[in-house]
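Q: I have a model open in my viewer and would like to learn how to read its features. Could you walk me through them?

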Amino acid sequence: MDRKRFIKLQRGDMQMGVRHAREYKEILEDLTEAVSGIADSYTFFDMTAEEWEVLGPDERGEVMEALADDVFYGLGEEPTIAVGSGHVTYHAKRHVIEVSVDGTEIRLVRLI
């Protein structure tokens, strides 16, 4: 697998990510599962359907976890991020991240 596809957002001294009270590990697990519900989420990394199809289950899990991690930190800068045919939106007042496809909510990830 080409690891260069998984370029992490530059975090440096910038405050990125969203405010949360739950353990990050738990949030990441839930967000990974949620973005996995977007059928073409792999396109976030400019992967083709053919590239995605050749990956095994463990590799696909790694891709989805990297995606969830990048999106989590990116939501600190942009409240909505397009992921394939879906969107991931941070609702600060509700303390949730919403994952939706075609305007329909498929999953809420609680931050507190």
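A: Happy to. Let us start with one cross-strand pair: Ile81 stands opposite Val88 in E2. Please keep in mind that this is a predicted model.

Q: Which strands pair here, and in what sense?
A: Strand E1, residues 80-83, runs antiparallel to strand E2, residues 86-91, and four bridges join them. Besides the pair we began with, Ala82 has His87 as its bridge partner in E2. The hairpin of E1 and E2 has two residues between the strands, and Gly84 there takes a positive phi near 60°.

Q: What does E2 pair with next, and over how many bridges?
A: E2 also pairs with strand E3, residues 96-101, again in the antiparallel sense, over six bridges. Here His91 stands opposite Val96 in E3. These two strands form a hairpin with four residues between them, and His95 in the turn has a positive phi of about 60°.

Q: Where do the side chains along E1 point?
A: They alternate. Ile81 and Val83 point to one face and are buried, while Thr80 and Ala82 point to the other face and are not buried.

Q: How should I think about buried nonpolar side chains, and which residues have the most contacts inside the largest core?
A: As a general idea, nonpolar side chains in soluble globular proteins tend to be buried together. In this model the largest nonpolar core has 29 residues, and Leu31, Leu75, Val88 and Ile97 have the most contacts inside it. The elements that give two or more residues to this core are H1, helix H3 (57-74), E1, E2 and E3. H3 supplies the largest share, seven residues.

Q: Taking Leu31 as an example, what does it touch?
A: Leaving aside residues up to four places away in sequence, Leu31 touches Ala68, Phe72, Val88, Ile97, Val99 and Val109.

Q: Now for charges: how many salt bridges does a search of the whole structure find?
A: The general idea is that side chains of opposite charge can pair when their charged atoms come close. The search of the whole structure finds five salt bridges. One of them joins the side chains of Asp30 and Arg22, at 2.9 Å from N to O.

Q: Is Arg22 buried or exposed?
A: Arg22 counts as buried, because its relative accessibility is 18% and the cut-off for buried is under 20%.

Q: What other salt bridge does Asp30 make, and with which side chain?
A: The side chain of Asp30 also meets that of Arg107, at 3.9 Å from N to O. Asp30 lies in helix H1 (residues 24-36) and Arg107 in strand E4 (residues 104-110), so this pair ties together parts that are 77 residues apart in sequence. Arg107 itself is partly exposed, at 23% relative accessibility.

Q: Which salt bridge joins Glu33 to strand E4?
A: Glu33 and Arg107 meet through their side chains in a salt bridge of 3.1 Å, N to O. Since Glu33 is in helix H1 and Arg107 in strand E4, the pair ties together parts that are 74 residues apart in sequence. Glu33 is exposed, with a relative accessible area of 52%. Through shared partners, salt bridges join Arg22, Glu26, Asp30, Glu33 and Arg107 into one network.

Q: Last topic, the rings: how many aromatic pairs does a search of the whole structure find?
A: The search finds five aromatic pairs. Among them is the tilted pair of Tyr24 and Tyr73, 6.0 Å centre to centre with 50° between the planes. This pair links distant parts of the chain, with Tyr24 in helix H1 and Tyr73 in helix H3, 49 residues apart. Tyr24 is partly exposed, at 22% relative accessibility.

Q: How do Phe72 and Tyr73 pair?
A: Phe72 and Tyr73 form an edge-to-face pair, 5.4 Å centre to centre, with 80° between the planes. Phe72 counts as buried, at 2% relative accessibility. Ring pairs link Tyr24, Phe72 and Tyr73 into a cluster. Phe72 also appeared earlier, among the residues that Leu31 touches.

Note on methods: Residues are numbered from 1 along each chain as its sequence is written. This is a predicted model: local features need pLDDT of at least 70, side-chain atom pairs count only at pLDDT 80 or more; totals for chains, interfaces and linings use all residues. Side-chain values use heavy atoms; hydrogens and water are left out. A salt bridge is a side-chain nitrogen of Lys or Arg within 4 Å of a carboxyl oxygen of Asp or Glu. Buried means under 20% relative accessible area, exposed over 50%, partly exposed in between (1.4 Å probe, protein chains only). Two strands pair if DSSP finds at least two bridges between them. A nonpolar core is a set of buried Ala, Val, Leu, Ile, Met, Phe, Trp, Tyr and Cys residues joined through side-chain atoms within 4.5 Å. Contact means heavy atoms within 4.5 Å. Rings of Phe, Tyr and Trp (its six-membered ring) pair if their centres lie within 6.5 Å; planes under 30 degrees apart count as stacked, over 60 as edge-to-face and the rest as tilted.
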